[in-house]
Amino acid sequence: MNSFFSLSRIIFALALTTLIGCTTARIEYDRMTATQYPQPEIISGDEVNLTTIYWQGERLVGVDEDTTNIAALTGPANPLDPNQYDYITLAELETVETANRRDPIGSVTFSCGPSNAYTCTRYHLYGVVVNHYWEGSCGLACRDTGMLGLMYAGASGATNDRSAFASFWKNSIVNSDNGKYLRSTAHEVGHAFNLNHCDGDGSMTIMNQTGTVGSTYNYEFSASSLDHLQNHADNEVWPGLSPRDYACPHAH
Ligand SMILES: [Zn+2]
Ligand SMILES: [Zn+2]
């Protein structure tokens with residue numbers, strides 16, 4: 001073996017295990033047939049994706065595009081529009097997750113690094129792009145056409161363990177404006193990392209709601225978001241652990 005490459009590999013592995021601490025999160029990302037994942041955006045010549053966004057918070061997030069052919073659901077006719085079933089309910093989201101989720105909720109640890117001398121930890125977040133609207137809360141069998149995405153907590157039965165999110169492909173922004181779709185996805189992942197809307201800056205950053213940012217937004221975190229991601233306790237930050245903290249600002 002070329003000694004330069006083997007040395008490089010060791011240095012690289014050491015850098016990963018010492019600098020990063022080898023604690024990561026993996027988004028197991030599924031989608032229904034005829035939907036798309038958010039694509040990277042190019043900002044000032046640099047690619048922006050979920051990994052680069054979360055690296056700002058010094059959290060290493062990998063994306064594993066997994067099952068891409070989940071069938072859209074069919075169901076009872078909507079009394080307001082009997083020919084369609086174009087929305088998904090919370091219970092149905094949980095059913096889709098249960099049928100397709102591979103990574104466990106929470107974390108796994110495994111040996112890593114040179115000679116497997118290190119212990120790495122990986123946390124898991126499940127994401128799914130559904131070819132539906134969100135059911136919303138507008139009454140019997142209606143749709144919320146304005147909802148882009150939702151961190152719905154996951155199908156574990158735990159109260160809001162921040163372990164899963166969905167994007168609603170039928171929303172007209174999601175299926176036509178990739179920049180906002182990527183922003184919305186990063187926002188839902190932010191909820192899984194225990195960030196709240198008060199962690200937005202009120203104008204441009206990721207944790208503002210879509211209606212707040214309008215068409216002027218960036219892919220950055222506010223100071224309070226960065227403080228949470230970089231400095232707060234791991235078990236309050238990584239997905240799939242403690243219940244979401246709704247307090248604004250953070251109570252922990
Ligand atoms: Zn939100
Ligand atoms: Zn915090």
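This section describes the confidence, the nonpolar core and helix 4 of a predicted model.

Across the protein chain the pLDDT averages 87, and 84% of the residues score at least 70. Confidence is highest in helix 2 (residues 50-55), with a mean of 98, and lowest in helix 1 (residues 3-19), where the mean is 48. Over residues 1-7 the pLDDT remains under 50, and for this stretch the model has 1 contact beyond four places in sequence. Where pLDDT is low, the predicted coordinates should not be read in detail.

The largest nonpolar core comprises 47 residues, among which I27, L50, V130, F168 and V189 have the most contacts inside it. Strand 7 (residues 118-130) supplies the largest share of this core, 6 residues. When neighbours within four places in sequence are left aside, V130 is in contact with M32, I88, A166, F168 and W169.

Helix 4 (residues 178-192) has 15 residues, which at 1.5 Å a residue should span 21 Å, and the separation of 21 Å between its end C-alpha atoms agrees with this expectation. Of these 15 residues 13 are buried, so helix 4 is largely enclosed by the rest of the structure. S184, which is found in helix 4, has 26 other C-beta atoms within 10 Å and is therefore buried, the cut-off being 20 or more. Apart from its neighbours within four places in sequence, S184 is in contact with L148, G149, S167, V174 and T210; of these, G149 is 35 residues from S184 in sequence, yet the two are 6.5 Å apart in space, C-alpha to C-alpha. Helix 4 is followed by N194, which has a positive phi, near 75°.

Conventions. Residues numbered from 1 in each chain as written. Chains lettered and ligands numbered in written order. Predicted model: local features only at pLDDT ≥ 70, side-chain atom pairs only at ≥ 80, totals over all residues. Helix = DSSP H or I, 4+ residues; strand = E, 2+ residues; numbered from the N terminus. Expected span 1.5 Å × (residues − 1). Buried ≥ 20, exposed ≤ 12 C-beta atoms within 10 Å, placed from the backbone. Core = buried A, V, L, I, M, F, W, Y, C linked by C-beta atoms within 7 Å. Contact = placed C-beta atoms within 7 Å. pLDDT = per-residue confidence, 0-100.
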